[in-house]
Amino acid sequence: MSTSQPVIVLVHGAWADASSWSSVNSELQDRGFTVYAPPNPLRGLPQDSAYVHQFLTQNAALQGQQVVLVGHSYGGAVITNAAVDAPGVRALVYVDAFIPDQGDTIGALARARILPGQRGLQPGALPRRTVR
């Protein structure tokens, strides 16, 4: 396994494409990171997660590398599922993103209400869980 900086894989949300990461990509590359922003095909969570998982597991450039997955918005749900059994993935980073728990759906997460004038989720809108 490489001891250098991790490779960063950026996954965009549903209302964007990989170019939405261009300024982040440039900044990270300027700091010496290797960065990939594969397309998120936006065909549904199972298909999109499988596509990113395949990118992680079959990309020769990622073999033996430590990987940090970053997801924005819907991309958070994608990286959560894509990381399962993907060797080398060491961290998941969520940028204003869905962070599903096992069994959560995007629809249920999207229906969690933010009330007018509130700065976050309505108390009790989502179940509490411990992050490990």
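Helix α2 (residues 45-58) packs against helix α3 (residues 74-82) at an angle of about 60°, and their axes lie 8 Å apart. This makes α2 oblique to α3; angles under 35 degrees count as roughly parallel, over 145 as roughly antiparallel, 65 to 115 as roughly perpendicular, and the rest as oblique. Axes are lines fitted to C-alpha atoms, for helices over the stretch in contact, and angles run from 0 to 180 degrees between N-to-C directions. Helices (H or I, at least four residues) and strands (E, at least two) are DSSP runs numbered from the N terminus. On the α2 side the contact (heavy atoms within 4.5 Å) involves L45, D48, S49, V52, H53 and L56, and on the α3 side Y74, A77, V78, N81 and A82.

The model is predicted: local features need pLDDT of at least 70, side-chain atom pairs count only at pLDDT 80 or more, and totals for chains, interfaces and linings use all residues. Residues are numbered from 1 along each chain as its sequence is written, and side-chain values use heavy atoms, leaving out hydrogens and water.

An open sheet of 4 strands follows the order β2-β1-β3-β4 with parallel pairing, where two strands pair if DSSP finds at least two bridges between them. Its edge strands, β2 (35-36) and β4 (89-97), each pair on one side only. Strand β3 (residues 67-73) runs parallel to β4 and is joined to β4 by 7 bridges.

Two helices are set against the sheet as follows.

| Helix | Strands | Angle to β1 |
|---|---|---|
| α1 (residues 22-30) | lies across β1 (7-11) and β2 | about 175° |
| α2 | touches β1, β2, β3 and β4 | about 165° |
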